[in-house]
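User: Hi! I would like to learn how to read a few structural features from a model, one at a time. Could you walk me through them?

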Amino acid sequence: MAPQSYQTFVPNSSSSEKLGDKSIHQVDILLPHTSNKYPLGKRRNGLPSESDYFLLKLFACISTIGALLIFIYDAITQPSSCLRHQHATGTAFLDHEGPISSFAGKTFLRDNIPFIDIPDSLIQDVYYYRWTSLQRNIRYTTPGTGYMFTEFVQPVGYAKAFGSIDAAAGHQIDEARWLRDTSFADDYIQLYTRGPADSLQYTQWILDAMGRRALVTGDNHFLSAQLDDMVRVWHEWDGVFDEYAGLYYYQPMWDAQELSLPGFVSDPNNTDWILRRDGPDTFRPNHNAYMVANARAIAAAASLARDGFREVKFTKLADDLESSMYQRMWAPEQQFFMDIIRPGNPNLTPLTGREQVGLFPYRFNIGLNKTYTQPAVDSMFDPNIFGAPYGPTTLEIQNPWFMNMRPNEYCCYWNGMSWPFSTSHTLKSLAAIYHSGTTNVTAEQYFEYLQMYARTQQKNGHPYVAESHYPFNDSWSADGWNHSEHYDHSTNNDDVITGLFGILPQDDTLKISPIVPKNWTYFALENLPYHGHLVTVLYDEHGTKYNTGAGLTVFVDGEKVHHSADKTASIPVPPQVVTANALVNIAANPVGLGGYPLADATYTNAGDFQYKAIDGVLFYDDIPDNRWTNYGSPNMNDTLTITFARPRNVSSVTLALYSDLARGGGIDLPASVEIYGSDGLITTLHETSKLLPNDRNEVRFQQVETLFLAVNFYRKSPKVFVGVCELEVWTPPVPGPNYYAADAYLTGQKTSVTFDNSSTATANGAVVGGLGSDSNVAFSGIVSDGGRTTLTLSYSNSGDKTVGLGVEVNQVPQTSLNLHPSKGKYVTVTANVTLAVGKNYVSLKGGSDSMDLRLETLSLI
């Protein structure tokens with residue numbers, strides 16, 4: 001799906017002609033050009049020179065004086081009043097402005113989230129806030145790789161590729177599956193299945209989340225096309241499977257639960273900090289439940305792909321693993337799924353002490369009969385086990401190790417704290433148990449748990465989520481400044497949608513089975529994306545709140561399809577609507593210094609950074625911060641310049657503009673904006689009163705080819721400055737079959753874009769050089785129908801020896817390329833590779849630490 005059209009500025013045809021005639025004439029006078037269209041003052045590597053900046057400022061002054069002579073691109077296309085999801089039209093029963101009025105990035109919320117109306121303001125307020133916390137943690141990586149979700153809004157050192165951490169990826173996919181734009185979760189899933197993200201860092205249930213998301217999107221093709229990738233991810237865990245026990249083991253630290261019960265039991269005297277913190281290898285019920293669910297997701301994908309062998313194989317693997325869980329992990333005397341320490345425990349004796357992870361299996365449809373479910377429900381509400389005002393707790397309250405010693409300088413300990421990560425799992429298990437009908441749990445009890453979760457997610461009287469919370473005090477126990485804010489490590493809205501509203505996705509129907517208190521007389525869920533359509537569910541006991549009649553009413557794409565007195569329903573849905581191919585943001589640079597595109601500015605506040613304007617991270621908070629500003633600049637106008645590795649065709653610039661004036665700050669919208677490219681002035685915005693503060697604003701213009709975009713911002717007054725949280729340039733993806741090495745994602749100590757006069761692939765000679773033994777040149781987003789393909793690499797080798805490069809497709813080694821000496825000339829080498837259906841990630845690995853190798857293009861035909 002293409003990026004949403006936010007506040008959009010477009011020229012009409014007459015202004016386009018006038019601006020074209022006038023601006024080109026002026027620029028030709030002020031910025032002399034060479035025959036290849038690039039300014040004489042520009043170095044060949046594409047960096048604007050100091051003289052360029054001087055000329056830009058000079059021209060800016062002239063253009064301001066002559067503003068009446070320049071036709072302004074100020075025609076504005078307002079967002080449509082009817083909501084659309086591709087070809088679908090939604091409804092407008094609810095207020096779509098009031099609930100989000102206090103948030104930044106309102107356009108994202110309007111265009112993506114389902115709206116709700118319930119009698120409980122606490123849960124409702126947290127629901128809307130949690131969409132903003134998810135929004136803050138969306139990051140755009142590179143064209144072709146696209147979006148991902150971060151755990152922390154500020155990067156942490158132990159994160160993997162692009163800042164990814166797999167521990168809560170399943171939660172993030174569960175939450176994001178309800179956004180209308182499917183590209184967020186599509187891209188993120190493929191970062192793990194085909195891209196460089198590490199799915200073995202922590203335990204995870206990513207494959208299961210993929211399968212359940214397909215039930216929401218209806219895109220079975222996306223799921224089945226990744227069957228081979230899912231199997232690869234599954235087998236990464238083979239090394240921690242114990243054949244005798246029939247179970248998987250891992251250290252609790254890498255189950256994202258350091259300082260948990262196994263560590264304390266193994267080091268009771270506190271003589272081995274590492275053992276106490278990380279814990280010993282442990283068979284854990286949550287980890288094994290993840291693996292059961294992942295295996296069943298593979299079996300489901302195999303069924304869709306008509307691969308009967310793997311369907312049977314992974315069904316049996318799941319069934320056998322589940323049987324081992326009942327046999328080994330269920331402790332009858334404790335009536336709970338228990339941890340089992342592996343070292344020194346030949347009889348596989350379970351621990352004494354219930355941990356919240358023993359509640360996780362139920363959400364994966366494990367143990368859903370009365371033998372297992374009733375003790376689980378009892379423990380959730382027992383004040384001696386997990387019941388607490390801000391719970392549930394991660395370890396039963398009556399255990400001697402509950403809330404035991406915490407090192408003063410260590411953030412996290414999971415022997416009692418309330419943890420949103422675990423609460424999310426527990427809520428899903430409680431909903432699954434409720435729907436199983438095997439216990440005495442009531443809808444009121446589910447509501448009580450969901451409300452307790454909402455009560456926990458507060459700070460200073462406002463909705464908020466951080467890392468962990470004290471179970472008996474209204475305070476966050478792990479809430480680091482400029483670190484833990486809006487922590488994206490749990491679900492909330494998926495629990496509201498699937499639990500409270502009871503939206504239970506199916507293959508070709510929509511099942512509605514809400515878990516709401518009996519005294520609720522109304523509830524509404526509006527414009528929920530489902531199979532490419534927009535679904536609205538209204539319950540109105542008396543028929544006077546929404547005026548659609550008493551009872552349950554369901555709309556699909558704005559048309560009423562169901563009405564009944566009952567709160568439950570099973571609704572057939574039309575076939576899935578296929579979304580359009582997404583545009584790509586060629587301005588994103590997840591590397592920062594040393595990578596392309598480059599970012600520069602005539603002035604940057606010391607507390608800000610120009611590269612934060614193109615790092616793919618977008619939020620508008622004071623703290624945590626992520627922006628470029630010219631706060632404190634002596635200039636009345638400053639220029640933010642983005643330089644590409646090679647000339648690009650562009651027709652718009654999206655500016656996410658920062659303003660803290662309403663918060664008592666000194667940054668506001670610009671008085672006017674000018675955008676320059678290689679041929680000079682592209683467009684001007686003199687009327688900026690309709691720009692949106694703390695939101696995206698798209699400026700459209702006639703397509704131009706340019707090596708850079710220089711955006712010149714004028715301040716409103718000497719006391720007010722300007723800021724940009726993100727600058728984006730959205731274009732169609734490179735269609736193939738030829739791909740430029742300069743566009744690839746580069747890693748390696750010396751691997752970088754360089755410029756070679758002998759290369760003719762790009763207008764400025766952009767190639768990749770500095771290839772050493774640690775190099776990886778990764779091409780992403782290579783779309784294919786699947787099958788054998790000829791790979792052709794254009795390269796130069798100035799050395800006297802042949803150098804080999806490894807070729808990986810979707811993280812699987814397939815072949816190698818021998819780069820023979822070419823005396824510095826560009827020649828080609830070919831090999832056959834097999835591409836998967838959909839987007840592929842092709843990596844060229846290796847090089848020479850002693851010879852000059854350069855890569856020009858990659859072709860796949």
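User: Let's begin with helix packing. At roughly what angle do the axes of helix H7 and H12 cross?

Analyst: Happy to help, and please keep in mind that this is a predicted model. For a helix pair, read the axis distance and the crossing angle together. The axes of helix H7 (residues 206-217) and H12 come within 7 Å, and they cross at roughly 45°. That angle makes H7 oblique to H12. The crossing of H7 past H12 is left-handed.

User: Which residues of H7 and H12 meet there?

Analyst: From H7, the residues are Ile206, Leu207 and Asp208. They meet Ala293, Asn294, Ala297 and Ile298 in H12.

User: Asp208 carries a charge, I suppose. Which residues are linked with Asp208 in a network of salt bridges?

Analyst: Here is the general idea: side chains of opposite charge can pair when their charged atoms come close. In this model, Asp208 is linked with Asp174, Arg212 and Arg363 in a network of salt bridges.

User: How many salt bridges does the structure hold?

Analyst: There are 38 salt bridges in the structure. One of them joins the side chains of Asp319 and Arg296, at 2.9 Å from N to O. This pair links distant parts of the chain, with Asp319 in helix H13 (residues 308-329) and Arg296 in helix H12 (residues 285-304), 23 residues apart.

User: Are Asp319 and Arg296 buried or exposed?

Analyst: The answer lies in between. Asp319 is partly exposed, with a relative accessible area of 35%. Arg296 also counts as partly exposed, because its relative accessibility is 29%.

User: Which other pair would be good to set beside that one?

Analyst: Try Arg276 and Asp267, whose side chains meet in a salt bridge at 3.6 Å, N to O. Both of these residues are buried. Then look at Asp668 and Lys716, which form a salt bridge at 3.3 Å, N to O. These two also come from distant parts of the chain, 48 residues apart. Asp668 sits in the loop between strand E28 (637-657) and strand E29 (672-677), while Lys716 sits in the loop between strand E31 (695-714) and strand E32 (723-728). Asp668 counts as buried at 12% relative accessibility, whereas Lys716 counts as partly exposed at 46%.

User: Now for sheets. What is the strand order in the open sheet of four strands?

Analyst: When reading a sheet, start with the order and then look for the edges. The order is E8-E9-E10-E13, with antiparallel pairing. Strand E8 (241-242) and strand E13 (340-341) are the edge strands, as each pairs on one side only. E8 and strand E9 (residues 247-250) pair over two bridges, and Phe241 stands opposite Tyr248 in E9.

User: Which strands does H12 lie across, and which does H13 lie across?

Analyst: H12 lies across E9 and strand E10 (282-283), at about 125° to E9. H13 lies across E9, E10 and E13, and runs at about 70° to E9.

User: Last topic: how do the side chains along strand E24 point?

Analyst: In a regular strand the side chains alternate between the two faces of the sheet. Strand E24 (residues 569-572) shows this: Ala569 and Ile571 point to one face and are buried, while Ser570 and Pro572 point to the other and are not. E24 runs antiparallel to strand E19 (residues 509-512), and four bridges join them. Ile571 is the bridge partner of Leu510.

Key
Residues numbered from 1 in each chain as written. Predicted model: local features only at pLDDT ≥ 70, side-chain atom pairs only at ≥ 80, totals over all residues. Heavy atoms only, no water. Salt bridge = Lys/Arg side-chain N within 4 Å of Asp/Glu carboxyl O. Buried < 20%, exposed > 50% of the residue type's maximum accessible area, 1.4 Å probe, protein only. Pairing = 2+ DSSP bridges. Axes fitted to C-alpha atoms, helices over the stretch in contact; angles between N-to-C directions. Parallel < 35°, antiparallel > 145°, perpendicular 65-115°, else oblique. Left-handed = near helix turned anticlockwise from the far one by under 90°. Contact = heavy atoms within 4.5 Å.
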